Amino acid sequence: MHEYSLAFSLFEALRARLAGDPPAGKVKLVHVRQGELLSLSHEALKEAWRIITEGTELSGSELSIELVPVRVRCPRCGFEGNARYIGEGDRHFRIPVLSCPECGARVEVVEGRDLAIVALTVEEEGGRGG
């Protein structure tokens with residue numbers, strides 16, 4: 001399962017980061033940015049996170065996933081902006097076109113293929129639950 005290995009990578013990276021500077025409280029939410037080109041099931045990723053973190057200092061934390069649209073740059077004409085899409089609706093029915101919307105040349109992907117932790121929501125010790 002692709003989502004499980006990605007959840008484990010996020011978990012290991014976060015634990016390593018927190019080892020040097022642990023938060024003053026319990027981590028409740030792990031805010032993640034996911035590029036649209038990284039095809040993932042959010043439900044599977046969240047379930048993998050729950051399983052991996054069980055019994056650890058991150059137990060009970062949840063993933064909050066922000067989807068990042070594909071941004072491209074054209075080396076031929078200099079266009080930089082959002083990719084053009086084929087299809088309608090949510091991300092499962094839209095396909096980004098990796099050619100320049102201006103001149104049709106092949107483009108470089110600037111944003112939209114990464115998975116990264118960008119922030120944490122921490123409940124202070126002795127604080128109110130929520």
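**Figure 1. Salt bridge between Arg33 and Glu66 in the predicted model.** In this predicted model, the side chains of Arg33 and Glu66 meet in a salt bridge, with an N to O distance of 3.6 Å. Arg33 belongs to strand β1 and Glu66 to strand β2, so the pair ties together parts of the chain that are 33 residues apart in sequence. Arg33 is partly exposed, its relative accessible area being 27%, and Glu66 is likewise partly exposed, with a value of 40%. The structure holds 7 salt bridges, of which further examples appear in the next view.

**Figure 2. Salt bridges of Arg50 with Glu47 and Glu54.** The side chains of Arg50 and Glu47 meet in a salt bridge of 2.6 Å, N to O; both residues lie in helix α2, 3 residues apart, which is about one turn of the helix. Arg50 also forms a salt bridge with Glu54, where the closest N and O atoms are 3.4 Å apart. Arg50 counts as partly exposed at 40% relative accessibility, and Glu47 is partly exposed with a relative accessible area of 36%, whereas Glu54 counts as exposed at 54%. Elsewhere, salt bridges that share partners join Arg33, Glu66 and Glu111 into one network. Side chains of opposite charge can pair when their charged atoms come close.

**Figure 3. Surroundings of Thr53 in helix α2.** Thr53 is found in helix α2 and is buried, with a relative accessible area of 1%. A polar atom of the Thr53 side chain lies 3.4 Å from the backbone oxygen of Arg50, the residue whose side chain also takes part in the salt bridge with Glu47. When residues up to four places away in sequence are not counted, Thr53 touches Phe11, Leu58, Ser59 and Ser61.

**Figure 4. His42 and its polar contact with Gln34.** His42 has its place in helix α2 and counts as buried at 16% relative accessibility, a value under the 20% limit that defines a buried residue. The side chains of His42 and Gln34 are joined by a polar contact of 2.6 Å. Gln34 appears again in the view of Leu115, where Gln34 is one of the residues in contact with that leucine.

**Figure 5. Nonpolar surface patch formed by Tyr4, Phe8 and Ile51.** Tyr4, Phe8 and Ile51 make a nonpolar surface patch of about 260 Å². Ile51 is found in helix α2 and counts as partly exposed, at 41% relative accessibility.

**Figure 6. The largest nonpolar core.** The largest nonpolar core has 19 residues, and those with the most contacts inside it are Val30, Leu45, Trp49, Leu58, Leu63 and Leu115. The elements that give two or more residues to this core are α1 (2-20), β1 (25-35), α2 (42-53) and β2 (62-68), and the largest share, 6 residues, comes from α1. Apart from this core lies another, of 10 residues, among them Val70, Cys74, Cys100 and Ala105.

**Figure 7. Contacts of the core residue Leu115.** Leu115 is among the residues with the most contacts inside the largest nonpolar core. Leaving aside neighbours within four places in sequence, Leu115 is in contact with Leu6, Leu10, Val32, Arg33, Gln34, Leu38 and Leu40. Two of the residues in this list also appear in earlier views: Arg33, which forms the salt bridge with Glu66, and Gln34, whose side chain makes the polar contact with His42.

**Figure 8. Ser99 in the loop between β6 and β7.** Ser99 is found in the loop between β6 (95-97) and β7 (108-111), and this serine is buried, with a relative accessible area of 18%. Not counting residues up to four places away in sequence, Ser99 touches Arg84, Gly104, Ala105 and Val107. The C-alpha atoms of Ser99 and Arg84 are separated by 8.1 Å, while the two residues are 15 residues apart along the chain. Ala105, one of the residues touched by Ser99, is also among the members of the core of 10 residues.

Technical notes. Residues numbered from 1 in each chain as written. Predicted model: local features only at pLDDT ≥ 70, side-chain atom pairs only at ≥ 80, totals over all residues. Heavy atoms only, no water. Core = buried A, V, L, I, M, F, W, Y, C linked by side-chain atoms within 4.5 Å. Buried < 20%, exposed > 50% of the residue type's maximum accessible area, 1.4 Å probe, protein only. Helix = DSSP H or I, 4+ residues; strand = E, 2+ residues; numbered from the N terminus. Contact = heavy atoms within 4.5 Å. Polar contact = N/O pair within 3.5 Å; in protein donor to acceptor, adjacent residues only side chain to side chain. Patch = residues over 30% accessible without salt bridge, like charges linked within 9 Å, V, L, I, M, F, W, Y side chains within 5 Å. Areas by Shrake-Rupley, 256 points an atom, 1.4 Å probe, with all protein chains shown as cover. Salt bridge = Lys/Arg side-chain N within 4 Å of Asp/Glu carboxyl O.
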